[in-house]
Amino acid sequence: MRTGPAVRRLWAGIGQAVESAAIVAVGIVLCALVLLAVWGIDQGFAGDPSAQWRVAVDAWLLGHGVAIGVTLGTDAIVAVGIEEAGRPFVLSLGAWGIGLVTFWLHWRSGRRLAELPLIETGIAVAAGALATGLVGLGAAATATHGIAAPNLGQAFAHPALVALAGMLAAVLAVHGHDWLAAAARGLTIEEGWMRAIRTAIRSGLGGAAGVLGVGALVLGAGLVLRFTDGILLMEALQVSHVGVVVLFLVQLALLPVAVVWAASWAIGPGFMIGTGSSISPLGTDLGPVPSLPLLAAIDPEAAPWMLAVVALPVLAGVLVGVLARQTMLAGTVERPVHWWELAIAGVGGGVLAGALLGVAAMLATGSAGPGRLAETGSDAVLVAAWGALEVGAGLLVGMTAGGRGAGALAGIALPLAGEREGSRVRDLLGFGAADASDARDEAADAAHGREGEVEAADAAADASADDAPVVAPSADEQETAVIAPLADAQETAAIAPLADARAERAAGTEPTHPEPAPEQDRPAT
């Protein structure tokens, strides 16, 4: 029994809604299992179990950037030891390690949805995002308490946006090229521009990923160099074995935020942990910070050599630019790369990379506690501006010098990747195209001239054949022309002498065409 399109679309939406709801449930249950283990080992399952559920839901919501209003009791205020903790405050710094799990699982779902027809894909994506938001809202409603109360609007919107972003990213990865080509046809954009536009998009994505990779490298180097300080901080906390595991999981959830902060530091603007603080290569003004071993990677004193770290995002852009030049911008003799293509790809890629880094900095900003900890993170505008400048400059350098076997900038052939012939700087700037076109025109004129000479000779032969007597040649006189072996694939066959053609026409017979020799008699080429 065949089903109609309406039924298939309905089932596609229902199936994805159930899958998205299961993804949310798995995330919350994993958080709850961790707290259940801590509750059982440390407290022997004594106390209110609903408190463990609320903490698990709050942790999952924080992993998706949901703000949680906190009002501590007297005992908690004494334990925290901060005077501002007596007033209500908000926790909004996202623990995006949890949110990335939701994003990744929905990305896998999106890869499967991309194989469906476009309308069914859209319905399934919308249903999955809606189901994610509804389950998040329901969980937040059950976790609302006088001590901690999640923002219900954000509890619906933020998880839904994370799921939507994951599925759309997967669908775009599959159909993005076709959709971009369709948009170009709709906007009547010439194909010559599309090569630069595609390169700009991929270079921007690669540049942003490269800068985040630089941030991860800087963070790892800081943790290694200040490993002793991290161990001393861990010992000062005096946590149990279970506490060590919980502390590790908390820092793992905050790891994406730390990578973005390190990338912001490498770009130049840096970040802050609390009002009035500043951590950048130019200097460090660090006040009291939370007791997390992950923060031990911060050097309290900025050294002059740290300014050299700013070159790492530029080098990342250069590497991406070289790869883009040797793949997507690997010009050919028929279609060389012009200067304006390099400019569009480099500048466009830098702008896209800066925008993505700015979004990442914005997501890694929020309130981490009461008082001065209400402001943490990077200035997203500065990160976007400096990131676009540094990555764009690196892309331009990499794309300009990334041709295979690049030489000097003047007077020396500068071969493009994938080309058989070198092109000088004027060819790179687009001025060599006219010379190549002129050369092709001259070659075509010469070929037409040779054809005209052959036609004139044929006409003269026809005229002389009309006046000559008709004599039937004997069989012995008719000789078959021998086919000359081809020296190589680029040689052309020789033209038969006009005298033979004239004699055959004078005899009243058609010119004989030599037949190819059999395979066994044909000379080897």
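**Exercise 1.** Is Ser264 buried or exposed?

*Solution.* The model is predicted. Begin with the position: Ser264 belongs to helix α10. Next, take its relative accessible area, which is 1%. Buried means under 20%, so Ser264 is buried. Finally, look at what surrounds the residue. With neighbours within four places in sequence set aside, Ser264 is in contact with Pro269, Gly270, Ser378 and Val383.

**Exercise 2.** Describe the largest nonpolar core and state where it lies relative to the two domains.

*Solution.* Step one is the membership. The core has 46 residues, and those that touch the most other members are Trp60, Leu61, Val218, Trp261, Trp265, Phe271 and Ile273. Step two is the source of these residues. Helices that each supply at least two of them include α1 (5–43), α2 (49–62), α7 (191–225) and α10 (255–267). The largest share, 8 residues, comes from α10. Step three is the location. Domain 1 (5–175) and domain 2 (194–402) both give residues to the core, so the core lies between them.

Another core, of 17 residues, lies apart from this one; Leu329, Val337, Val383 and Met399 are among its members.

**Exercise 3.** Which residues are in contact with Trp60, leaving aside its neighbours within four places in sequence?

*Solution.* With those neighbours removed, the list reads Val24, Gly27, Ile28, Cys31, Ile98, Thr102, Gly136 and Pro159.

**Exercise 4.** Determine which parts of the chain are linked by the salt bridges Arg8–Glu120 and Arg195–Glu341.

*Solution.* The whole structure contains 4 salt bridges. In the pair Arg8 and Glu120, the closest N and O atoms are 3.5 Å apart. Arg8 sits in helix α1 and Glu120 in helix α5, 112 residues apart, and the pair links distant parts of the chain. With 39% relative accessibility, Arg8 is partly exposed, whereas Glu120, at 8%, is buried.

For Arg195 and Glu341, the N to O distance is 2.8 Å. Arg195 is in helix α7 and Glu341 in helix α12 (residues 339–363), so this bridge ties together parts that are 146 residues apart in sequence. Both residues are buried.

**Exercise 5.** Place Phe45 in the chain and on the surface.

*Solution.* Phe45 is in the loop between α1 and α2. Its relative accessibility is 51%, and exposed means over 50%, so Phe45 counts as exposed. Together with Val26, Val29, Leu30, Leu33 and Leu36, Phe45 forms a nonpolar surface patch with about 540 Å² of accessible area.

Key:
Residues are numbered from 1 along each chain as its sequence is written. This is a predicted model: local features need pLDDT of at least 70, side-chain atom pairs count only at pLDDT 80 or more; totals for chains, interfaces and linings use all residues. Side-chain values use heavy atoms; hydrogens and water are left out. A nonpolar core is a set of buried Ala, Val, Leu, Ile, Met, Phe, Trp, Tyr and Cys residues joined through side-chain atoms within 4.5 Å. Buried means under 20% relative accessible area, exposed over 50%, partly exposed in between (1.4 Å probe, protein chains only). Helices (H or I, at least four residues) and strands (E, at least two) are DSSP runs, numbered from the N terminus. Domain bounds come from an automatic or database domain assignment. Contact means heavy atoms within 4.5 Å. Patches are made of residues with over 30% relative accessible area and no salt bridge: like charges are joined within 9 Å, nonpolar side chains (Val, Leu, Ile, Met, Phe, Trp, Tyr) within 5 Å. Accessible areas come from the Shrake-Rupley method with a 1.4 Å probe; for residues, only the protein chains shown count as cover. A salt bridge is a side-chain nitrogen of Lys or Arg within 4 Å of a carboxyl oxygen of Asp or Glu.
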